[in-house]
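Visitor: I would like a close look at a single part of this model, with attention to how its charged side chains are paired.

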Amino acid sequence: TYRNELDEKDATALKRYYKVFAISLEKDKTYRFEGKADDPKTLSVNVFLEDADGRLLDSSGFSKDGMTARIVHKAASSGSYRVIVTTKPAQQIGRFSLHAAIE
């Protein structure tokens with residue numbers, strides 16, 4: 001689990017702040033990525049998974065609790081990937097946690 005914060009110093013895309021995390025995944029293993037805001041009243045987290053070339057592989061939906069952005073992804077190949085944490089509404093800031101696990 002990694003704890004961090006989105007703020008005005010972060011890069012932006014479509015008026016949304018974001019952070020990028022580089023990770024290595026192994027072929028045929030299934031991974032779960034979960035992003036959760038410390039305060040869901042002020043921050044609505046969204047998570048994206050890209051391959052090393054920047055191609056979007058998956059994006060999060062919300063879990064039953066309505067607060068956790070989740071991706072479950074089976075890696076088609078071993079290599080470098082990017083997990084991007086951003087927000088659904090524009091220009092939100094706040095603390096979040098990102099959890100990654102092998103299923």
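Which side chain meets that of Arg32 in a salt bridge?

Guide: In this predicted model, the side chain of Arg32 meets that of Glu34 in a salt bridge, with 3.4 Å from N to O. Glu34 is also a partner of Arg70, and in that salt bridge the closest N and O atoms lie 2.6 Å apart. The pair of Arg70 and Glu34 links distant parts of the chain, since Arg70 belongs to strand 8 (residues 68-74) and Glu34 to strand 4 (residues 30-37), with their positions 36 residues apart in the numbering. As for their surroundings, Glu34 has a relative accessible area of 15% and therefore counts as buried, the cut-off for that class being under 20%, whereas Arg70, at 32% relative accessibility, counts as partly exposed.

Beyond Glu34 and its partners, a further salt bridge is formed by Arg55 and Asp51, whose closest N and O atoms are 2.9 Å apart. Asp51 is likewise classed as buried, because its relative accessible area is 11%. Elsewhere, Arg3, Glu5, Asp38 and Arg95 are joined into one network by salt bridges that share partners. In general, side chains of opposite charge can pair when their charged atoms come close. The pairs described here, including Arg32 with Glu34 and Arg70 with Glu34, belong to a structure that holds 11 salt bridges.

Definitions and conventions
Residues are numbered from 1 along each chain as its sequence is written. This is a predicted model: local features need pLDDT of at least 70, side-chain atom pairs count only at pLDDT 80 or more; totals for chains, interfaces and linings use all residues. Side-chain values use heavy atoms; hydrogens and water are left out. A salt bridge is a side-chain nitrogen of Lys or Arg within 4 Å of a carboxyl oxygen of Asp or Glu. Buried means under 20% relative accessible area, exposed over 50%, partly exposed in between (1.4 Å probe, protein chains only). Helices (H or I, at least four residues) and strands (E, at least two) are DSSP runs, numbered from the N terminus.
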